[in-house]
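Biologist: I'm new to this one. Walk me through it, please.

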Amino acid sequence: LLSELGAKVVLVGRDNGRLQKTMLSLAGVGHALEVFDLTDLDNIPVWLKLLANNNGELNGLVHCAGIRTTLPIRAITWQSMEETLRTNIGAAVSLVRGFRQKGVRADDASIVLMASAAGIVGEPGITAYSASKGGLIAAMRSMAIELASENIRVNCVAPAVVDSEMTSRIKDTLPKEQFEVIVSSHPLGIGRPRDVAN
């Protein structure tokens with residue numbers, strides 16, 4: 001949607017092949033891709049500075065990387081919890097920290113963090129995911145207030161279940177009846193990626 005609206009997009013992720021595939025779906029020209037692992041939290045600010053040097057100051061940033069695993073509370077380990085928190089909230093906070101640097105972002109800039117309805121409403125088996133998304137929503141509120149004086153808007157989008165690759169993985173791991181319970185809890189049906197983009 002951003003590319004259709006005329007934005008030049010820099011795609012970031014760990015998998016070059018998937019980035020290339022996404023690049024082919026973008027409208028317009030001038031887009032770029034960067035292979036980077038967002039779990040490398042301490043290097044995100046330095047990397048963002050280099051990214052802006054190569055591509056120009058950024059008007060916006062969207063953090064939509066995420067991990068969701070279904071684990072009952074009895075099976076959660078600190079390692080599984082830490083992996084989810086590192087990607088879902090640690091990377092987001094590090095990106096915001098790096099984005100606010102002079103020379104990285106334009107004077108009037110916007111950050112959108114991908115939260116989830118799971119950060120607001122509980123569901124069995126996703127304690128780590130819910131904690132990370134609830135934490136992200138809380139962090140966004142503080143970051144928005146702190147960065148308002150720098151003309152940086154910080155917001156979250158908190159969709160429910162969306163027809164995505166992550167949802168396909170959830171569907172494959174749950175018994176059919178359990179997935180149908182999830183679907184039935186969405187009166188308007190499962191969302192589409194374009195709903196979230198809008």
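Biologist: What is the relative accessible area of glutamate 150?

Modeller: For glutamate 150 it is 22%, which makes the residue partly exposed. The cut-offs are under 20% relative accessible area for buried, over 50% for exposed and partly exposed in between, with a 1.4 Å probe and protein chains only. This is a predicted model, where local features need pLDDT of at least 70, side-chain atom pairs count only at pLDDT 80 or more, and totals for chains, interfaces and linings use all residues. Residues are numbered from 1 along each chain as its sequence is written, and side-chain values use heavy atoms, with hydrogens and water left out.

Biologist: Which side chain does glutamate 150 meet in a salt bridge?

Modeller: That of arginine 100, at 3.3 Å from N to O. The two sit in distant parts of the chain, 50 residues apart: glutamate 150 in the loop between H4 and S5, arginine 100 in the loop between H3 and S4. Shared partners tie Arg100, Arg105 and Glu150 into one salt-bridge network. A salt bridge here is a side-chain nitrogen of Lys or Arg within 4 Å of a carboxyl oxygen of Asp or Glu. The H and S labels are DSSP runs numbered from the N terminus: helices (H or I, at least four residues) and strands (E, at least two).

Biologist: How many salt bridges does the structure hold?

Modeller: There are 6. One of them joins arginine 194 and glutamate 4, with the closest N and O atoms 3.0 Å apart. That pair spans 190 residues, from glutamate 4 in the segment before S1 to arginine 194 in helix H7 (residues 193-197). Arginine 194 counts as partly exposed because its relative accessibility is 39%.

Biologist: And where do glutamate 82 and arginine 86 lie?

Modeller: Both are in helix H3 (residues 78-99), 4 residues apart, which is about one turn of the helix. Their side chains meet in a salt bridge too, at 3.5 Å from N to O. Glutamate 82 is partly exposed at 31%, and arginine 86 is partly exposed at 32%.

Biologist: Changing topic: in what order do the 3 strands of the open sheet come?

Modeller: S3-S4-S5, paired in parallel. S3 (58-63) and S5 (152-157) are the edge strands, each with a single partner, so one side of each lacks a neighbour in the sheet. On average, neighbouring strands are turned by 15 degrees against each other, direction ignored. Two strands pair if DSSP finds at least two bridges between them.

Biologist: Over how many bridges do S3 and S4 pair?

Modeller: Over 5, with S4 covering residues 105-114. Leucine 58, for instance, stands opposite arginine 105 in S4. Helix H4 (residues 127-147) packs on the sheet, touching S4 and S5, and its direction makes about 160 degrees with that of S5. Contact means heavy atoms within 4.5 Å. Such angles run from 0 to 180 degrees between N-to-C directions, with axes fitted to C-alpha atoms, for helices over the stretch in contact.

Biologist: Why is S4 largely enclosed by the rest of the structure?

Modeller: Because 7 of its 10 residues are buried. From S3 the chain crosses through H3 to S4 in a right-handed β-α-β crossover. Right-handed means that, with the strands pointing away from the viewer, the path from the first strand over the helix to the second runs clockwise. The chain also crosses from S4 through H4 to S5, again as a right-handed β-α-β crossover.

Biologist: What about S2, which residues are on its covered face?

Modeller: Ala32 and Glu34, while Leu33 and Val35 are on the uncovered one. S2 runs parallel to strand S1 (residues 10-13), joined by 4 bridges. Within that pairing, valine 12 has glutamate 34 as its bridge partner. The chain gets from S1 to S2 through helix H1 (residues 16-24), and this β-α-β crossover is right-handed.

Biologist: How far away from glutamate 34 is the nearest side chain of opposite charge?

Modeller: It is arginine 14, 14 Å away, and glutamate 34 is buried without a salt bridge. For charge, Lys and Arg count as positive, Asp and Glu as negative, and His and the chain ends are not counted. Leaving out residues up to four places away in sequence, the contacts of glutamate 34 include Val10, Leu19, Trp47 and Asn55.
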